[in-house]
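Work through the exercises below with the model open. Try each task before reading its solution.

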Amino acid sequence: MVTPIVVARSEHGLSRRDIDPDALRVLYRLHASNFEAYLVGGSVRDLLLHRRPKDFDIGTSAHPHDVKRLFRNCWIIGRRFRLAHIRYGTKTIEVATFRKQVTGTPEPQEQHFRPDHPDEGDLPIVADPGADVTAEIIDRPIQRDNEYGTPEEDAFRRDFTVNALFYDIGTFSIIDYTGGLEDLDQRLIRCIGDPDVRFVEDPVRMLRALVLAARLDFSVDGEVMDAIERKAPLIGQASSARLLEEYYKILRSGHARSCFDHLADSGLLEHMSPELLNDDGPLTEAFEAVDAYRRRFDDAPETLSNPILAGTLLLPLGLLKDEGHRYRYHDDWERDAPHMLGQMQVARKDIEKLRHLLSLQKRLLETNAPARVQRALMHRGAFRDALTWLDIHGEYPEVVEHWETLLREDPPTPVPEDDGARRRRRPRRRRPPVR
C-alpha cells in the first residue's frame with residue numbers, strides 16, 4: 001500500500017468551471033449512486049497546467065454494467081478491457097473501471113486480443129457507433145486486463161506519473177499515488193515503474209513520451225531516454241494503423257514540427273518511417289503550415305481531416321504522384337498500389353479524397369468565374385477539404401477569404417460523392433403469376 005498525496009480543494013487551482021459540463025454530469029451521477037468517481041489522466045494534468053483538455057476521461061469503481069444501467073446513452077466497448085462510452089451528441093465521455101495491477105510474468109503473446117470474459121451479467125456488448133477502436137499488436141501485452149481493482153492499482157497501471165493524477169468529485173481534492181505532482185512542478189516526463197518493462201509491454205509508449213514532452217515543453221527523464229535508446233527497434237512491431245493514427249494526432253496537436261524533431265533525435269523515427277529523415281525543407285514547411293493553422297483554434301478543428309494530414313506527409317516527400325494536381329499513371333497497378341509511409345499504409349479512401357481535393361486547387365483560384373460555376377463548385381463534396389488545403393498550404397489568403405465570404409452568404413449542403421465503392425443493386429420483386 002502506498003499512502004497518496006491528497007491536495008485539498010483550498011490548496012489547488014483546479015476549478016469545476018473548467019470541466020466539461022457533461023463530464024461533470026457523469027461524475028455527479030456516479031457519486032450519487034455511491035460509486036467512487038474521479039476525473040483521471042491527461043485532463044487533470046492539463047487543468048493543473050491551465051491548459052484546455054482535449055478529453056475528459058473518468059475512472060470509477062462502478063463496473064461497466066453498472067454504468068450501463070445508470071446511463072441509457074451508454075455503449076460498452078472493448079475486448080482486452082471493457083470500457084463504457086457515454087455519448088452526448090458527437091461528444092463521448094469515456095468511463096473506465098479501476099484496473100487491477102497485474103503481477104507475474106505474462107505468457108508469450110498470440111498477436112491478437114484474448115476473448116471476452118463472460119463476467120458482465122446479461123448485458124450485451126454493443127459497439128459504440130462513434131468509437132474508433134484500433135487493434136493493438138504489441139510485443140508483450142498485459143493479460144487478464146478485464147480484472148478490476150482499486151484507485152491505487154489503477155494509478156500504477158498508467159504510463160507516466162503526470163498522467164496518473166486523480167480529481168475526486170466527492171471531496172474536490174487531487175489524489176497523487178505516483179509522484180505526478182512533483183514531476184509536474186519539475187516539468188518532467190517519467191515512467192511509472194521500470195521503463196524497459198513498460199516499453200516492452202507497449203512500444204508506442206516510447207512515442208507518446210517524446211510527443212508529450214514536445215507538446216508540454218517538458219524534459220524527459222534520463223532513465224526513460226536510455227530505455228528508448230535500448231528498445232527503439234520494438235516500435236516497428238506495433239500496429240501500423242495505430243502508428244499512423246498517432247501521426248495524425250501529432251499533426252492535429254499544433255506541435256507537429258517539435259514532435260517529429262523529438263522523434264528523429266531519439267532514433268525512433270528511423271524504425272517507423274525513415275523517409276521523414278530525408279527532408280530537405282518542404283516537409284518542415286508543411287509541418288509549420290499545419291501548426292500555424294491549428295493555433296488559430298482552441299481545439300483541433302474537424303477541417304483537419306485524415307486526407308489533408310496524409311497529404312501533408314506524402315506530398316512534400318514526393319510519395320504521391322503529382323503533376324500540376326493531375327495524376328498520370330503508367331498502368332492500372334500504379335494507381336491501385338498502396339501508398340506507404342515506412343511500414344504504414346495510408347487508407348486508399350483517404351488517398352482518393354486527397355487526389356480529389358488537389359484536383360480542385362486550380363479551380364479555387366478562378367474567383368472571376370461566373371457565379372453559377374462558383375456555386376456548383378461549392379456543392380462539390382471535396383470543396384471544404386480543398387479550401388482547407390489551400391488555406392494551410394497555399395499562399396492565397398485573399399482567395400480563401402473570397403470563398404469563406406461566399407460560404408457565409410450562401411452555405412451549401414454538400415452532396416456526398418461516390419467513393420468508388422460499388423453499390424449493391426436491390427433485387428427486383430417478382431410479381432406472382434396471374435391465375
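**Exercise 1. An aromatic cluster**

This is a predicted model. Start with F166 and Y177: decide whether they are buried or exposed, then classify their ring pair.

Solution.
1. F166 and Y177 are both buried.
2. Their ring centres lie 6.3 Å apart, with 65° between the planes. Planes over 60 degrees apart count as edge-to-face, so the pair F166 and Y177 is edge-to-face.
3. Now place the residues. F166 sits in strand β7, and Y177 in the loop between β8 (173-176) and α5 (180-186), so the pair ties together parts eleven residues apart in sequence.
4. Turn to F98, which is buried, as is F166. F98 and F166 form a tilted pair, 6.4 Å centre to centre and 35° between the planes.
5. This pair links distant parts of the chain: F98 lies in the loop between β6 (91-97) and α4 (151-157), 68 residues from F166.
6. Assemble the cluster: ring pairs link Y38, F98, F166 and Y177.

**Exercise 2. Charges over a ring**

Find which arginines lie over the face of F172.

Solution.
1. R9 lies over the face, 4.7 Å from the ring centre.
2. R16 also lies over the face of F172, at 4.0 Å from the ring centre.

**Exercise 3. The two sides of a helix**

Work out how the buried residues of α19 are arranged.

Solution.
1. List the buried residues of α19: V399, V400, W403 and L407.
2. Look down the axis of α19. The buried residues fall within an arc of 100°, so they line one face of the helix.
3. Find their partners: they pack against α16 (361-364), α17 (371-378) and α18 (383-393).
4. Check the face turned away from the buried side. There α19 carries the exposed residues P397, E398, R408 and E409.

Definitions and conventions:
Residues are numbered from 1 along each chain as its sequence is written. This is a predicted model: local features need pLDDT of at least 70, side-chain atom pairs count only at pLDDT 80 or more; totals for chains, interfaces and linings use all residues. Side-chain values use heavy atoms; hydrogens and water are left out. Buried means under 20% relative accessible area, exposed over 50%, partly exposed in between (1.4 Å probe, protein chains only). Helices (H or I, at least four residues) and strands (E, at least two) are DSSP runs, numbered from the N terminus. The arc is that of the directions from the helix axis to the C-beta atoms. Contact means heavy atoms within 4.5 Å. Rings of Phe, Tyr and Trp (its six-membered ring) pair if their centres lie within 6.5 Å; planes under 30 degrees apart count as stacked, over 60 as edge-to-face and the rest as tilted. A charge sits over a ring if NZ of Lys or CZ of Arg is within 6 Å of the ring centre and within 35 degrees of the ring normal.
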